[in-house]
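Trainee: I would like to learn how to read helix packing and confidence in a model. Where do we start?

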Amino acid sequence: MYSHKTTDAQQIQALVEQHADLVKRIAHHLLGRLPPSVQVDDLIQSGMIGLIEAAKKYDESKGASFETYAGIRIRGAMLDEIRRGDWVPRSVHRNARRISAAIKEVEDKTGRDAQDEEVAKLLGISLDEYHEQLQESLSGRLFSVEELGVQELSDGETNQELDGVERVEFQQQLAEAIATLPEREQWVLALYYDEELNLKEIGQVLGVSESRVSQIHSQAALRLRSRLGGWLDNSK
């Protein structure tokens, strides 16, 4: 009388044990873009909860492999935990919005990609200050190409959920916007999210410093935000 439940429990336990390393890999990958106050153990703990939920709800008839399905649930659990922590200062959100608006203003006027110097000048700050704000913005930006969600492109103060046709349309718009980014920004996003290289490794590939990769990554996210402003405006 216990065989079915026992089998289910054993299968769940086996999936969790087999994919525990996946939680650690995702945790360390996320940690590279988060402030020092976030501890890897906290990410792993929340990720394990996501893994257990994935093991309970996985349906192989849907077509996705368990690792793909679990990866989404693990990342989601970690990001939810981080958002609940509310660790990003409002000044970081405020500066990110200002930079995004400045990028849009420059690009609307010139009809081309905004340059660092132009954005800094419009903001009335030095180039060094601009780069510093970009790096701060990266630490506060839960930007995820894999999940393609409005929350990851937002300033952390909106909470819109998309589903169905809306989500598909947003994904299409995001993909099109990424294709319009400067080539180096596209490279950084592809190496970071698709190849899962860390910032230091990307710097070695591109022949630039780790801090410069951080700036390029953050500017790519803010440039995307400026180009997808209609979606984000509707979420407020």
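Mentor: Start with contact, which means heavy atoms within 4.5 Å. Keep in mind that this is a predicted model.

Trainee: Which residues of H5 meet H6?

Mentor: From H5 (residues 90-110), the residues are Arg98, Ile99, Ala102, Ile103, Glu105, Val106 and Thr110. They meet Glu118, Val119, Leu122 and Leu123 in H6. By type, this contact divides into seven nonpolar residues, one polar and three charged.

Trainee: At what angle do the axes of H5 and H6 cross?

Mentor: Angles of 65 to 115 degrees count as roughly perpendicular. Here the axes cross at roughly 115 degrees and come within 9 Å, so H5 and H6 are roughly perpendicular to each other. Their crossing is right-handed.

Trainee: How do H11 and H12 pack?

Mentor: Helix H11 (residues 199-206) and helix H12 (residues 210-227) have axes 8 Å apart, at an angle of about 100 degrees. H11 is therefore roughly perpendicular to H12. Leu199, Lys200, Ile202 and Gly203 of H11 make the contact with Glu210, Val213 and Ser214 of H12. Those residues comprise three nonpolar, two polar and two charged.

Trainee: Which elements have the highest and lowest mean pLDDT?

Mentor: pLDDT is the predictor's confidence in each residue. Among the elements of the chain, H6 has the highest mean, 94, and helix H8 (residues 150-153) the lowest, 41. For the protein chain the mean is 77, with 74% of residues at 70 or more.

Trainee: Where does pLDDT stay under 50?

Mentor: One such stretch is residues 142-162, for which the model has 76 contacts beyond four places in sequence. Residues 1-6 are also below 50, with zero contacts beyond near neighbours in sequence.

Key
Residues numbered from 1 in each chain as written. Predicted model: local features only at pLDDT ≥ 70, side-chain atom pairs only at ≥ 80, totals over all residues. Heavy atoms only, no water. Axes fitted to C-alpha atoms, helices over the stretch in contact; angles between N-to-C directions. Helix = DSSP H or I, 4+ residues; strand = E, 2+ residues; numbered from the N terminus. Parallel < 35°, antiparallel > 145°, perpendicular 65-115°, else oblique. Left-handed = near helix turned anticlockwise from the far one by under 90°. Nonpolar A, V, L, I, M, F, W, Y, C, P; charged D, E, K, R; others polar. pLDDT = per-residue confidence, 0-100.
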